[in-house]
Amino acid sequence: MMYPLLEKIKEPADIKRYSVSELERLAKELREFIVATVAENGGHLAPSLGTVELTLAMYSVFNFPKDKLIWDVGHQAYSHKILTGRRERFHTLRQKGGITGFPNRAESDYDAFGVGHASTSISAALGMAVSRDLSGRKNEVIAVIGDGALTGGEAFEALNQAGDLGSKLIVILNDNEMSIDKNVGGLSDYLSRIRITPQYNKAKKDMGNLLMSIPHIGDKAFRTAQVVKDSVRAALVPGGIFEELGFHYIGPVDGHNISLLQELFERVREMDGPILIHVHTKKGKGYAPAEMEPDKFHGIGKFDQQTGKCPPKTGAPSYTSVFSKALIELAAQNSNITAITAAMPSGTGLKAFGEEYPNRFFDVGIAEEHAVTLAAGMAADGKHPVVALYSTFAQRAYDQLMHDVCLQNLPVTLCLDRAGLVGADGPTHHGAFDLSYLRHMPNMTVFVPKDEAELRDMLAKAVSMDSPTAVRYPRGTGRGVELAAGFQDIPVGKAQLLREGSDVAILGVGPLLYKAEEAAELLQQQGISAAVVNMRFVKPLDEEMIRRLAHVKLMVTVEENSIAGGFGSAVAEFLMDSGLNRQLDLLRLGLPDKFIEQGTQEELLTLCGLQPEQMAAKIKERLN
Ligand SMILES: Cc1ncc(C[n+]2csc(CCOP(=O)(O)OP(=O)(O)O)c2C)c(N)n1
Ligand SMILES: CC(=O)[C@@H](O)[C@H](O)COP(=O)(O)O
Ligand SMILES: [Mg+2]
């Protein structure tokens, strides 16, 4: 057996039978198992390596799934998945039809709440605690939240209410001093101060003694907040921000010390009210390359397990890197340009901007709403902020875009990376809805580049405008098209005819146009003449171009966005409003009105019927 202790676990309760030294060996096995799988499939390695002991300690004390465990983001929960009946299928992690990368209620009873977006765990846990109390049950509810996720406003909204309600709730703050990149903000500084305070260092040494001393106080007394305050807070917490919010604060404690965590959890089970346990862990723990570069190993593709090296990058540059370079060039020409990211400097490519223009770059933490209103404030004072967010996370900032940016017609440029199908991260992360949630915002101009060259030009146009703009582009490599020096003008609201045709007009946005052109070629071979148009803008729509092509029998819209409310809907509305619908038919191709599973981007495009052969077949069928 490669993993003797792990393979003996038939159900999570078996963990309770292991001694501490066996659990320590089990932790080692789990790490090896996780590293081996992620090296093959890719995944969130460093976060999951950091929580192994914490997971084992929780499973050895609490009674899941009767007790509820809610992971924030859920990218650190691989041990939890492996221990809860998913070991044998773990080799399918993040693959189509396989184990999902985040806790998922459809996958296991142990996954108490579906996650993927950050900072939701305390709200969800509080909801479960309130429901439990209303039902008169006695189970524990535990939220595990990272120091990065704690920078999100929703986490504070929940802490604020939880402290006030007073329901029994355990929040474990997993502080590894990192978000994806280095954690930012005053709260992060506050946590560091707690860790480096002399009391903490002394107490860390004495922690075993401290915990041993707690039972001597007497169980009953221990339950009271006063004792916790006296014995732990007063000794350890400078400031006590969590105490002020109404939580009993305990920590910081070493999150890799299983016996210490077990003792703490046993005692916390006896306590009432909201409790926050601050554990200190190392991101990437136990795998040297991940410990050295926790940012690189936060979420990683396939890599060599021995060396930790990824295969060399070949082919075209990514959309992200083209955006990154273009923005730096544009910022050199326009000193009003600033750049804002919500905890994704590497992911959005803004890290390089921050190195070039440290004073004009702002990482606000996991705070998309704040990022957008911060931008609106800067724009109201004469700057042109570029807010780079992943499409899926920008969903959080809908109201800020509407109320703070568009209503005041402010020159903020929203750059939405990872628009469309992202692949292995699955339904929590697909950027499937941005065209739908942006196109009804008055004053907004929505650009959709078909390739990386157009991305550069559209970005240049967007930052030259004095009104709200959004540019959306996908995850991954570009088309490998030539990138001209300088920037070409892109007239707002003007489409580009890529191919003439008389039977069908395919109107598309984004890189799917390349597949649409292949579909047109296939149709040509079957005697059907199809025009292809790069619409470039979802708003304003080039109505003149649509009228020009209205002689065709069938118009087809193509987009990597939900067909519900997206680009195709915009065309449908125009056809209806102009009466052109009486003379031609419309077929909308795009993402179906449901959540799309995980898989490679190509597998998922096939699933959605967006490969050239599939498009051609659907068009032919509709014509008939
Ligand atoms: C709303 C939202 N914004 C951004 C992200 C991207 N993201 C995923 S994990 C992460 C960092 C989380 O840091 P932390 O909670 O400390 O967990 P760690 O990775 O350090 O274990 C970020 C920014 C997200 N998942 N959700
Ligand atoms: C968990 C999370 O939200 C991020 O780590 C995300 O998975 C990153 O995605 P990319 O790999 O596309 O940057
Ligand atoms: Mg962290």
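Visitor: In this predicted model, does Asp147 count as buried or exposed, and how many C-beta neighbours does Asp147 have inside 10 Å?

Guide: A residue is buried if 20 or more other C-beta atoms lie within 10 Å of its own. Asp147 therefore counts as buried, its number of C-beta neighbours inside 10 Å being 23.

Visitor: Which loop holds Asp147?

Guide: UniProt, in an unreviewed entry, places the feature "binding site" at Asp147 and Asn176. Asp147 itself is found in the loop between strand E2 (141–146) and helix H7 (153–165).

Visitor: What is the largest C-alpha distance in the cluster formed by Asp147 and Asn176?

Guide: The unreviewed UniProt entry gives "binding site" at both Asp147 and Asn176. They are spread over 30 residues of sequence but cluster in space, with a largest C-alpha distance of 6.9 Å.

Visitor: Which residues does Asn176 touch, not counting residues up to four places away in sequence?

Guide: Asn176 lies in the loop between strand E3 (169–175) and helix H8 (186–196). Asn176 counts as buried because it has 23 C-beta neighbours inside 10 Å. Beyond the residues up to four places away in sequence, Asn176 touches Gly50, Gly146, Asp147, Thr281, Lys282 and Lys283.

Visitor: Why do the "binding site" residues that include His75, Tyr287 and Glu368 not all gather at one spot?

Guide: For "binding site", the unreviewed UniProt entry lists His75, Gly116, His117, Ala118, Gly148, Ala149, Asn176, Tyr287 and Glu368. These positions span 294 residues in sequence. They do not all gather at one spot, because the farthest two C-alpha atoms are apart by 32.0 Å.

Visitor: Which residues does His117 touch, leaving out those up to four places away in sequence?

Guide: His117 is placed in the loop between H5 and H6. His117 is buried, since 22 other C-beta atoms lie within 10 Å. With residues up to four places away in sequence not counted, His117 touches Phe393 and Thr428.

Visitor: From which domains does the shell around ligand 1 draw at least three residues each?

Guide: Ligand 1 is surrounded by 24 residues, the closest being Pro47, Ala118, Gly146, Gly148 and Ala149. The shell divides into 11 nonpolar, nine polar and four charged residues. At least three residues come from each of domain 1 (4–292) and domain 2 (319–472).

Visitor: Which helix gives the most to the largest nonpolar core?

Guide: The largest nonpolar core has 182 residues, and Ile277 is one of those touching the most other members. With nine residues, the element that gives the most to this core is helix H2 (residues 20–41).

Conventions. Residues are numbered from 1 along each chain as its sequence is written. Chains are lettered from A and ligands numbered from 1 in the order in which they are written. This is a predicted model: local features need pLDDT of at least 70, side-chain atom pairs count only at pLDDT 80 or more; totals for chains, interfaces and linings use all residues. A nonpolar core is a set of buried Ala, Val, Leu, Ile, Met, Phe, Trp, Tyr and Cys residues joined through C-beta atoms within 7 Å. A residue is buried if 20 or more other C-beta atoms lie within 10 Å of its own, exposed if 12 or fewer, and partly exposed in between; C-beta atoms are placed from the backbone. Helices (H or I, at least four residues) and strands (E, at least two) are DSSP runs, numbered from the N terminus. A residue is near a molecule or strand if its C-beta atom, placed from the backbone, lies within 6 Å of it. Ala, Val, Leu, Ile, Met, Phe, Trp, Tyr, Cys and Pro count as nonpolar, Asp, Glu, Lys and Arg as charged, and the others, Gly among them, as polar. Domain bounds come from an automatic or database domain assignment. UniProt positions are given in the numbering used here, feature names are shortened, and annotations may be inferred rather than shown by experiment. Two residues are in contact if their C-beta atoms, placed from the backbone, lie within 7 Å.
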